[in-house]
Amino acid sequence: MRFCKRCVEPDTRPDCIFDDEGICYPCRYRETLPGVDWDERRRQLEAIVDRHRGRGRSGYDCIVPVSGGKDSTRQSLFMRDELGLRPLLASLTYPPEHQTERGAANLENLIRLGFDTYIVSPAPQLWKRLMRTGFYKFGNMAKSTELPLYASAPKVAIAYGIPLVVYGENPTLSWGSAGGSLDGDANNLKYNNTLKGGDLTPWIEEGIRPRDLYLYTYPSDEDIDRAGLRMIFLGYYIPDFYDFVNARVALEHGLTQRHGIDARPEENGHIAPFDALDDDFVMVNQLLKHLKFGFGKVTQQVSGAIRSGFLTRERGIELVRLYDGQCSARFIRRFCDYIEIGEDEFWRVAESYRNPEIWERDRRGRWVPKFAIYYDTPDHRRPPDHEADVVHPQPLAGAC
Ligand SMILES: [Zn+2]
């Protein structure tokens with residue numbers, strides 16, 4: 001298992017790219033940003049927008065897929081207030097047992113800022129069945145939930161004759177995974193590692209009828225072409241479109257982030273209080289990812305913060321050691337109750353996904369990581385200190 005020499009990205013992330021010097025693609029991309037002509041990028045964005053402005057059959061110029069979280073709040077405000085478009089927001093909401101109160105409040109906040117919003121809400125029974133299947137079959141209970149999450153915006157766009165879909169970050173440039181592009185083009189998003197082109201075979205094999213999966217079905221390339229649908233990553237065109245900055249903008253517009261026990265990194269495996277606000281099961285998924293690939297959300301957050309200059313690599317490694325893959329027992333219990341299994345059964349399945357190439361047992365029989373990053377750098381092991389270790393949103397100035 002290799003780690004990027006600049007940030008803390010491991011080469012176990014599916015589809016990641018490292019160059020001969022051991023630097024990951026997002027770090028290399030970030031190197032190029034000071035040389036970018038941002039005025040030119042802005043002109044590119046405005047040219048795209050102008051091409052689609054006023055062309056929506058239903059009076060909307062674009063769709064912004066939203067959860068009400070930091071990125072989607074900034075995207076919505078930017079498209080309306082900066083570019084003067086008329087966006088329709090499209091939100092996929094989770095069933096009540098899955099969605100947090102905080103997530104519902106944030107979506108309500110965004111709508112209250114004056115947007116028309118289209119809510120897509122798949123049936124809770126099938127949603128739960130698919131999550132349970134994803135947990136057993138892939139060690140990834142978000143495998144099914146990502147399908148309607150990504151499919152809903154282009155589906156609504158095609159149905160309502162809206163020509164443009166505006167996503168936020170480009171996953172290839174921001175964290176090095178597939179499904180993005182090397183510029184602002186988002187038309188290939190469905191080929192990311194989770195969606196795999198929107199393939200429904202794993203679910204149909206479980207006996208689920210294709211007609212029950214309509215909301216989980218991504219539009220075909222032909223449907224997208226026929227509709228003349230353009231999809232872009234707004235993050236490519238804005239110089240400071242980073243987590244920590246988007247969170248600051250969203251907070252100034254009423255976002256509620258995690259606080260108290262919910263913001264503690266040792267509880268939720270996050271070092272920032274503004275990610276995944278609408279979903280607590282995602283913590284359990286990050287724990288599973290840590291067993292499979294040796295990294296979780298803290299690795300991604302720390303890498304982003306290092307590239308943005310908010311953290312040193314040494315401090316980032318310390319935070320990864322302390323908190324990556326952490327998940328409170330209360331989240332695991334809640335997930336077990338939700339998919340109706342016992343905790344022993346949860347751990348039996350979870351352990352079956354532990355990768356023995358990156359984990360080994362110590363003399364006392366406990367699992368310890370074999371990751372080189374832990375041994376190539378000075379050891380600063382210390383008790384968690386959630387007050388000091390949470391990395392807070394950053395002001396607009398100072399990014400980039
Ligand atoms: Zn890197």
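The legends below describe close-up views of a predicted model.

**View 1. The interface between domain 1 and domain 2.** In this predicted model, the protein is divided into domain 1, covering residues 37-237, and domain 2, covering residues 258-389. The contact between them draws on 26 residues from domain 1 and 26 residues from domain 2, while the centres of the two domains, taken over C-alpha atoms, are separated by 27 Å. Together the domains bury about 2300 Å² between them, and 55% of this area is on carbon and sulfur atoms. Between domain 1 and domain 2, 20 residue pairs are in polar contact, with both residues at pLDDT 80 or more. On the side of domain 1 that touches domain 2, the elements giving two or more residues are α4 (101-112), α5 (124-138) and α7 (171-175), and α5 gives the most, with nine residues. By class, this side of domain 1 has 11 nonpolar, nine polar and six charged residues.

**View 2. A salt bridge between K128 and E340, and the backbone at E340.** Three salt bridges are found across the interface of domain 1 and domain 2. In the pair shown here, K128 forms a salt bridge with E340, with the closest N and O atoms 3.0 Å apart. E340 lies in the loop between α15 (329-339) and α16 (343-352), and its phi is positive, at about 65 degrees, although E340 is not a glycine. With a relative accessible area of 58%, E340 is exposed.

**View 3. The buried salt bridge of K70 and D275, with A276 beside it in sequence.** The side chains of K70 and D275 meet in a salt bridge with an N to O distance of 2.9 Å. Because K70 lies in helix α3 and D275 in the loop between α11 and α12, the pair ties together parts that are 205 residues apart in sequence. Both residues, K70 and D275, are buried. A276 is also placed in the loop between α11 and α12 (281-293), and its phi is near 50 degrees, a positive value in a residue other than glycine. A276 has a relative accessible area of 26% and is therefore partly exposed.

**View 4. Surroundings of R80 and the salt bridge of R86 with D116.** R80 lies in helix α3, residues 70-82, and counts as partly exposed at 24% relative accessibility. Leaving aside neighbours within four places in sequence, R80 is in contact with L85, P87, L113, G114 and F115. Of these contacts, F115 is 35 residues from R80 in sequence, and the two residues are 9.2 Å apart in space, C-alpha to C-alpha. R86 forms a salt bridge with D116, the closest N and O atoms of the pair being 3.5 Å apart. This pair links distant parts of the chain, since R86 is in the loop between α3 and β2 (87-92) and D116 is in strand β3 (residues 116-120), 30 residues apart. R86 counts as partly exposed at 40% relative accessibility, and D116 counts as partly exposed at 36%.

**View 5. The loop residue S181 and its polar partners.** S181 lies in the loop between α7 and α8 (201-204), where its 14% relative accessibility makes it count as buried. The side chain of S181 reaches the backbone oxygen of D183 at 3.1 Å, and a polar atom of the same S181 side chain lies 2.7 Å from the backbone oxygen of D185. When neighbours within four places in sequence are left aside, S181 is in contact with N170, T172, L173 and F233.

**View 6. Helix α14 and the residue pattern of its buried part.** Helix α14, residues 313-323, is mostly covered, with eight of its 11 residues buried. These buried residues are G316, I317, E318, L319, V320, R321, L322 and Y323, and they pack against α11 (265-268), α13 (297-307) and α17 (386-389). Just after α14, G325 takes a positive phi of about 80 degrees.

**View 7. The salt bridge of R209 with D212, and a separate charged network.** The structure holds 31 salt bridges. In one of them, R209 forms a salt bridge with D212, with the closest N and O atoms 3.0 Å apart. R209 counts as partly exposed at 45% relative accessibility, and D212 counts as partly exposed at 34%. Elsewhere, salt bridges that share partners join R6, D19, E21, R28 and E31 into one network.

Conventions. Residues are numbered from 1 along each chain as its sequence is written. This is a predicted model: local features need pLDDT of at least 70, side-chain atom pairs count only at pLDDT 80 or more; totals for chains, interfaces and linings use all residues. Side-chain values use heavy atoms; hydrogens and water are left out. Domain bounds come from an automatic or database domain assignment. Contact means heavy atoms within 4.5 Å. Buried area is the accessible area (1.4 Å probe) that two parts lose on being put together, summed over both. A salt bridge is a side-chain nitrogen of Lys or Arg within 4 Å of a carboxyl oxygen of Asp or Glu. A polar contact is a pair of N or O atoms within 3.5 Å; within protein, one must be able to donate a hydrogen and the other to accept it, and residues adjacent in sequence count only if both atoms are side-chain atoms. Helices (H or I, at least four residues) and strands (E, at least two) are DSSP runs, numbered from the N terminus. Ala, Val, Leu, Ile, Met, Phe, Trp, Tyr, Cys and Pro count as nonpolar, Asp, Glu, Lys and Arg as charged, and the others, Gly among them, as polar. Buried means under 20% relative accessible area, exposed over 50%, partly exposed in between (1.4 Å probe, protein chains only).
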